[in-house]
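Work through the exercises below with the sequence and the model in view. Each task is followed by a solution in steps.

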Amino acid sequence: MRKSYRVKKEKEFQKVFVSGKSSANRNFVVYVLPKKDQNHFRVGISVGKKVGNAVRRNAVKRKIRASLQELKEQLSPDVDFIIIARPSVALLSFQEINSNLQHVLKLAKVIKK
């Protein structure tokens, strides 16, 4: 995922947290902030230390990014969203992460129909 598709700065993360709406399931929390006049979506991924050591956290982030790459065409272009992984994600396979992520993004209305 290119840099232009990422929410990188702390100020941008905080803006999505404070002004955005949240949706959640057992494994993920998603904060969504609609933005007009944006060419494509931007995503921030947060995986806390409760998920595991650095190797496990980075593996979870890679799986989330790969899942988002598959869903890229279905995602609304005019949003910034933050995905927060809960500790239970560490035990899931790629397929389970993918299905859980699709579920929570549908709840958050980020996936367009």
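**Exercise 1.** Decide whether Lys9 is buried, partly exposed or exposed.

*Solution.* Take the cut-offs: buried means under 20% relative accessible area, exposed over 50%, and partly exposed in between, with a 1.4 Å probe and protein chains only. Lys9 has 57% relative accessibility, so Lys9 counts as exposed. Next, place the residue: Lys9 sits in the segment before helix 1 (10-19). Helices (H or I, at least four residues) and strands (E, at least two) are DSSP runs, numbered from the N terminus. Last, the C-alpha atoms of Lys9 and Gly44 are 9.4 Å apart, with their positions 35 residues apart along the chain.

The model is predicted: local features need pLDDT of at least 70 and side-chain atom pairs pLDDT 80 or more, while totals for chains, interfaces and linings use all residues. Residues are numbered from 1 along each chain as its sequence is written, and side-chain values use heavy atoms, without hydrogens and water.

**Exercise 2.** Find which residues Ser23 touches, not counting residues up to four places away in sequence.

*Solution.* Start with the location: Ser23 belongs to strand 1 (residues 21-24). Its relative accessible area is 17%, so Ser23 is buried. Then list the contacts (heavy atoms within 4.5 Å). Ser23 touches Phe28, Val29, Val30, Val104, Leu107 and Ala108.

**Exercise 3.** Find how many salt bridges the whole structure holds, and trace them.

*Solution.* A salt bridge is a side-chain nitrogen of Lys or Arg within 4 Å of a carboxyl oxygen of Asp or Glu. The search finds three.

1. Arg42 pairs with Glu12 at 3.5 Å, N to O. Arg42 is in strand 3 and Glu12 in helix 1, so this pair ties together parts 30 residues apart in sequence.
2. Asp80 pairs with Lys35 at 3.4 Å, N to O. Asp80 is in strand 4 (residues 79-85) and Lys35 in the loop between strand 2 and strand 3, so parts 45 residues apart in sequence are tied together. Asp80 counts as buried at 2% relative accessibility, and Lys35 as partly exposed at 28%.
3. Asp80 also pairs with Arg42, at 2.9 Å, N to O. This links strand 4 to strand 3, so the parts tied together are 38 residues apart in sequence.

Finally, join the pairs by their shared partners: Glu12, Lys35, Arg42 and Asp80 form one network.

**Exercise 4.** Find where Asp37 lies and what sign its phi has.

*Solution.* Asp37 lies in the loop between strand 2 (28-34) and strand 3 (42-47). Its phi is near 55°, a positive value in a residue other than glycine. At 82% relative accessibility, Asp37 counts as exposed.
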